[in-house]
Structures are given as C-alpha cells and as structure tokens.
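Me: Please show me the structure. I would like to work through it with short questions.

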Amino acid sequence: MSIPANLKFLDCRTIGESDSLEGILDELQRIGLNPGLIEVGSLAFERFAFWRYYDDKAKGELGIAYDKRQLTFRTTDSKSYTTLTFDIGWSLDDAGVPTRATLQATAFQTTMFTQREHDPELHAQRFVDIGVQLYQLVHPTFGWMERCRPSGYTKWSHIDNLEIPHIYWANFFAPTYVNKYSREYFLSAPGWRKESLSDGGLLYVLSADLAGTGAESLIEQVKHYFGTESVRRGMVNPKN
C-alpha cells in the first residue's frame, strides 16, 4: 500500500480567529491551489453540515465552519497538478479562545513524490514551498512533512514541552523552539536545507526529495546530532 505525503501543523496560533479560514483559502488561491469541494462535518459522526463547491457564495457562508470548528476541502495545484486534501480543526479553552488548532494537507498521489519520471524533487520542493507560505499564515508551534501515517509521531505533550522526539523529512520549528535550542543548533544540524522563517522560526529539511527514507549515512548523523533513534518514517515510534 502506498504511503501518502502529509503536511501537518500543530498548535496553529491564528486558526479559529475571525477570517482565519478565509485567509487560508485566499492564500492558497494566490499561490496556485484552487479549492474545489469544501465540507463541514463528517458522515461518521453526524450529517454533513455544509457541502458544496467553493465560490464567493460558499466563502460567505463559512460561519458554520467556525461554529463546528472544522473544515475539510480539496485543492488542485496549478503548478504541479497535485491534489491536496486539507483538514483544519481546533478546540476552545475555558475562556472560549481557540486552542489546539491543527492544519493537515495530504497528497495521495504518491508516485509524484517517488517515481523518477515524475520529477520527485520538483514535487517535493513545491510541497515545501506551499508549507512555508502556510506556516507564515497560521504560525504553528511545530510542523512536519513526511510520507508516513497521518497522525505522525509527535504528540501534544511534546509540543507543550518543546521536545523533539522525532525528525521528519521536513520540520518547521517556531521561534519558541529556536529560542530553546538556539538558531545555531538547527543551522548546524546535518541536512539539505536550513532556512530562517519570517517570524523567527526555522525550516529544516533532510534531503531534496521524499523518496524512500533517506540515505543511511545521513540518518545516522541526524540520530546522533539530535539524540534520537526516531528519524524519518517507520524508524521508531516515540513513546509518551
């Protein structure tokens, strides 16, 4: 069974605020990802509260997504022709403030990221570029990109304590992580791309594409540097 490519942002600080969903949809359109079908609700738990193709009328009716604190939609990338399925959700704290917000984008067309005839490096880097644009909009505490199970290997307890239990193919560290470990620590890590982000966070990518699980020599270097046996997919499932 093929393993989809996932982008996941955890603890997004702007999701759930007024106009945050509209801002995400507008930004995706700006960078060439055109929303198609949008949904609120799930047949597994309730009847769909909202289900229609995205247009100006649907944009004006997104209040139901804020009420349900959830939105799912699909986009087609005009540059890579990859289809991404987005799922956005959040909770409310005791004061009614959005918390525990997540954004996930999944590409099920795995051949685009693994088969040489499709130029996997081109598609992988386009995926990263999309991630960077969204990071700057939703400001997560941590984010990752990998061909692995959608839940990933990072739990809320790790986010709360700014821990790094697992290194993914691509990793987005918020300023809080950078302040704890130092910018030089991340910039000196073995890997392919290390880039400061607009809010003071940092992007850390292990290799140029998502194919396989990476060169064994690099994986061993990363394990040693970060002090974890859990690197890339299928290596080790962190506890806690």
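Me: What covers the buried residues of α9, and which strand is included?
Reply: Helices (H or I, at least four residues) and strands (E, at least two) are DSSP runs, numbered from the N terminus. Buried means under 20% relative accessible area, exposed over 50%, partly exposed in between (1.4 Å probe, protein chains only). The cover of α9's buried residues includes helix α8 (183–187). The strand included is β10 (202–205).

Me: How far should I trust this, and how are residues numbered?
Reply: This is a predicted model, where local features need pLDDT of at least 70, side-chain atom pairs count only at pLDDT 80 or more, and totals for chains, interfaces and linings use all residues. Side-chain values use heavy atoms, without hydrogens and water, and residues are numbered along each chain as its sequence is written, from 1.

Me: Why do the buried residues of α9 line one face of the helix?
Reply: In α9 (residues 216–226), Leu-218, Ile-219, Val-222, Lys-223 and Phe-226 are buried. An α-helix has 3.6 residues a turn, so residues three or four places apart point the same way. The arc is that of the directions from the helix axis to the C-beta atoms. Seen down the axis of α9, the buried residues line one face because they fall within an arc of 140 degrees.

Me: Which exposed residues does the face of α9 turned away from its buried side carry?
Reply: Look at the face turned away from the buried side of α9. The exposed residues there are Glu-216 and His-224.

Me: Is Val-128 buried or exposed?
Reply: Val-128 sits in helix α5. Contact means heavy atoms within 4.5 Å. Not counting residues up to four places away in sequence, Val-128 touches Met-145, Trp-169, Phe-172, Arg-193 and Leu-203. Its relative accessible area is 0%, so Val-128 is buried.

Me: What span does α5 reach from its first C-alpha to its last?
Reply: Helix α5 (residues 120–138) has 19 residues. The expected span is 1.5 Å times one less than the number of residues. For α5 that expectation is 27 Å, and the helix comes close to it, reaching 27 Å.

Me: Which are the edge strands of the open sheet?
Reply: Two strands pair if DSSP finds at least two bridges between them. The open sheet has ten strands, in the order β3-β2-β4-β5-β6-β1-β7-β8-β10-β9, with antiparallel pairing. Each edge strand pairs on one side only: they are β3 (50–53) and β9 (193–196).
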